[in-house]
Every structure is written in structure tokens, then in C-alpha cells.
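Biologist: I am new to this structure and should like to go through it by question and answer. Could we take the strands, the metal site and the core in turn?

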Amino acid sequence: MSMRKIKQLVNSSEISEGAGVTVFRSIGTSSLRNLDPFLMLDHMGSNNPDEYLAGFPEHPHRGFITLTYMLEGHMEHRDSMGNKGQLRSGGAQWMKAASGVIHSEMPKQAEGLMSGFQLWINLPASEKMTSPEYQEFSPEAIPEVKIEGHKIRVISGTYLDANNAATTGPIVDDTTSLHYFDVSLESNQRFHHNLDGSLTGFIYVIKGETQIDNQTIASHQFAALTDGESLEVKAMANGAHFIFVAGKSINEPIVQHGPFVMNTREEIDQAIADYQNGTLVQERAQFTSA
Ligand code: CO
């Protein structure tokens, strides 16, 4: 069985997003424009309200999926179709913007830690202009596997423990066979996972230090992985907290203009025109939540 190694190590860049929220961006920077099917990864993590209170006021999306996973804090999501949802510590929201969503994500706390991820997942041409959909899950709806020295929250995909007991996350992203795990390891523990060797995979370290194949990945660092059926991530002496994500490549041209990601320049021009004349949001969204 071939082991995954580090293909590219990326130091996340601290940037200001939304109305002035500090985020650490890895995918979607000049070091790593995209990692098919992933278009962007932002890690928001701050104790300082000045770095998150401005939030993400109303803005559009077309042509892809946003997946928000909160580690700590409380945000309220609203869209122009009248949908409203709460994103709390440990909860997740998969939003297939597809043909168009206009939404906002605003903090519902005035102090304390706000931490979480937003991952953008591309859609194939055949799905880009379909109806928006949501899958929204409270912290309690995300299964947690606790084995000695390990805690694995399974947001999407199936995790098999050493006894082959399966735990499957509630978010289903069929197009990419998405895997999304939040992994905490105590000192010197190792996380093992076997998966389809051709899925594009990465880890992002939130806290502590890890090693893959004796190469170190520090806090706020991102590692794109080689293909391979097997992954082993080792925590260093102080333990580690990271996410592991994998998904199937789409292999289509990517033309991005800010929050619009399509296949051609003409489709981008259409998205901009639709947004300007108020016809970006064409359909009501379907909802799955728990
Ligand atoms: Co958004």
C-alpha cells in the first residue's frame, strides 16, 4: 500500500477578508492558486474581537460550494432567500451556491475566541447552474470517535478505526467523495487512515506540530499530499490538532473572479451582469439539517 507524503508545504498568509476579518489563507494564494477540486481554504482564528467583529456582510457566490466548519465561536448565517442558520462550535454548513446565493455570515459574540474554517469546493460544469442546496449540522450531529490519545470528529466521509468500525460524517458531497476529519492527537500519537489513493488530499495544522514521513508541519502550515492509499500523521511531543480533507479532482478549466468560479470568461461576465441586475439568485434552496 503506498503511503502519502508531502507534495507541497504552504505557510498560510495572514490576510483581511469580508469587512475586515483576519484569516490565514493557504489554498487560494500565490503559492497555491488551487488544489483541484479545492479552490480556497481560510482559517479564521482570533481572540481579538477587532479581528472578527466586522464579519462577512452580504456577498454573492456562483459556481461552487462553501463548507464552513466552526471550531470555536458563534456566527449567524443569512441569505437573500430568507434562510437563517446558526454556526456554533463544532457545527458545519455545506452550502452549494451553484447558480447563485447572496448571503452574510456575522459574528454573534462580542468577545472570546472565534475560530473556524471555510473551504471552497469546485463544482463540475454540469452542476454550476443547478439549484442551491444546504446541508447544515449542529455540533451534536457530528460524530466523534474517541480512542486512546485520539479524537476524530467526522464531518464528511467514513473513518475506519483499528477494529474496522466505521463512522460516517453527515455531510455528503457526492461529486468529490469528500472526506473531512477534525483530528486531535495527544503527545506522540499517530493517526492512520486508508482511502482511495487518487483523491486529492491535504492537512492543515491548527495547533501543535505533526510529521508525515518525517517531514514536519507546524501550526498554521498546510501540506498538500501525494496520492496514496494510506496516510499516517504523527503528533510531536506537545500533541497536535489538524484537519484532514480529501476529494476527487474535477479536471475542468477554472476561471475565477472573486466569488464567482466558472469554466469560461463568458460565464464570469454573465455572473457579474446577473449580480448587477439582480438576477443572480434564480432558485429557492433545498435544505437538509440536523
Ligand atoms: Co460567502
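Biologist: How many bridges join β5 to strand β10?

Modeller: This is a predicted model, and what follows is computed from it. Strand β10 covers residues 101–107 and runs antiparallel to β5. Within this pairing, F56 stands opposite E105 in β10. The number of bridges joining β5 to β10 is 4.

Biologist: Which strands form the edges of the open sheet?

Modeller: The open sheet has 4 strands with antiparallel pairing, in the order β5-β10-β7-β8. From one strand to the next, the twist averages 25 degrees. An edge strand here pairs on one side only, and the two that do so are β5 (56–61) and β8 (84–88).

Biologist: Which residues coordinate the cobalt ion?

Modeller: Along the chain, the donors of the cobalt ion follow the spacing H-x1-H-x41-H. Each donor atom is an NE2, at 2.0 Å. The coordinating residues are H59, H61 and H103.

Biologist: How many residues apart in sequence are the parts that H61 and H103 tie together?

Modeller: H61 is buried, with a relative accessible area of 1%, and H103 is buried as well, at 0%. H61 belongs to strand β5 and H103 to strand β10, so the pair ties together parts whose separation in sequence is 42 residues.

Biologist: Which strand gives the most to the largest nonpolar core?

Modeller: The largest nonpolar core has 31 residues, and those touching the most other members are L41, F117, L119, Y180, F202, F222 and I243. Strands that each supply at least two residues include β4 (38–46), β11 (114–122) and β22 (230–247). With 4 residues, the strand that gives the most is β6.

Biologist: Is β6 largely enclosed by the rest of the structure or largely open?

Modeller: β6 pairs with β9 in the antiparallel sense over 5 bridges, and 8 bridges join β6 to β11, again antiparallel. On the β9 side, I65 stands opposite K96. Because 8 of its 9 residues are buried, β6 is largely enclosed.

Biologist: Which residue is the bridge partner of Y69 in β11?

Modeller: The partner has contacts with residues including L41, L67, Y69, Y180 and I243. It is also among the residues that touch the most other members of the largest nonpolar core. The bridge partner of Y69 is F117.

Biologist: How many residues are in the other core?

Modeller: This second core lies apart from the largest one. Its members include I152, I217, V233 and A246. The number of residues in it is 24.

Biologist: What kind of aromatic pair do Y69 and Y180 form?

Modeller: A pair of aromatic rings is described by the distance of the centres and the angle of the planes. For Y69 and Y180 the centres are 5.8 Å apart and the planes are at 70 degrees. Planes over 60 degrees apart count as edge-to-face. The pair of Y69 and Y180 is therefore edge-to-face.

Biologist: How many residues apart in sequence are the parts that Y69 and Y180 tie together?

Modeller: Y69 counts as buried at 1% relative accessibility, and Y180 does so at 0%. Y69 lies in strand β6 (residues 64–72) and Y180 in strand β17 (residues 179–185), so the parts tied together are separated in sequence by 111 residues.

Biologist: Which residues form one aromatic cluster with Y159 and F181?

Modeller: The ring centres of Y159 and F181 are 5.9 Å apart with planes at 85 degrees, so this pair is edge-to-face. Y159 is buried at 4% relative accessible area, and F181 is buried at 0%. The further members of their cluster are F191, F242 and F244.

Biologist: Which peptide bond is cis, with omega near 15 degrees?

Modeller: Most residues other than glycine have a negative phi, and most peptide bonds are trans. P37, in the loop between β3 (21–25) and β4, takes part in the cis bond. That bond runs from D36 to P37.

Biologist: Is A98, whose phi is near 45 degrees, buried or exposed?

Modeller: A98 has a positive phi although it is a residue other than glycine. Its place is in the loop between β9 and β10. At 0% relative accessibility, A98 counts as buried.

Technical notes: Residues are numbered from 1 along each chain as its sequence is written. This is a predicted model: local features need pLDDT of at least 70, side-chain atom pairs count only at pLDDT 80 or more; totals for chains, interfaces and linings use all residues. Side-chain values use heavy atoms; hydrogens and water are left out. Rings of Phe, Tyr and Trp (its six-membered ring) pair if their centres lie within 6.5 Å; planes under 30 degrees apart count as stacked, over 60 as edge-to-face and the rest as tilted. Buried means under 20% relative accessible area, exposed over 50%, partly exposed in between (1.4 Å probe, protein chains only). Two strands pair if DSSP finds at least two bridges between them. Axes are lines fitted to C-alpha atoms, for helices over the stretch in contact, and angles run from 0 to 180 degrees between N-to-C directions. Donors are N, O and S atoms within 2.8 Å of the metal (3.2 Å for Na, K and Ca); water is not among the atoms, so sites may look incomplete. A nonpolar core is a set of buried Ala, Val, Leu, Ile, Met, Phe, Trp, Tyr and Cys residues joined through side-chain atoms within 4.5 Å. Contact means heavy atoms within 4.5 Å. Lists of a residue's contacts leave out its neighbours within four places in sequence.
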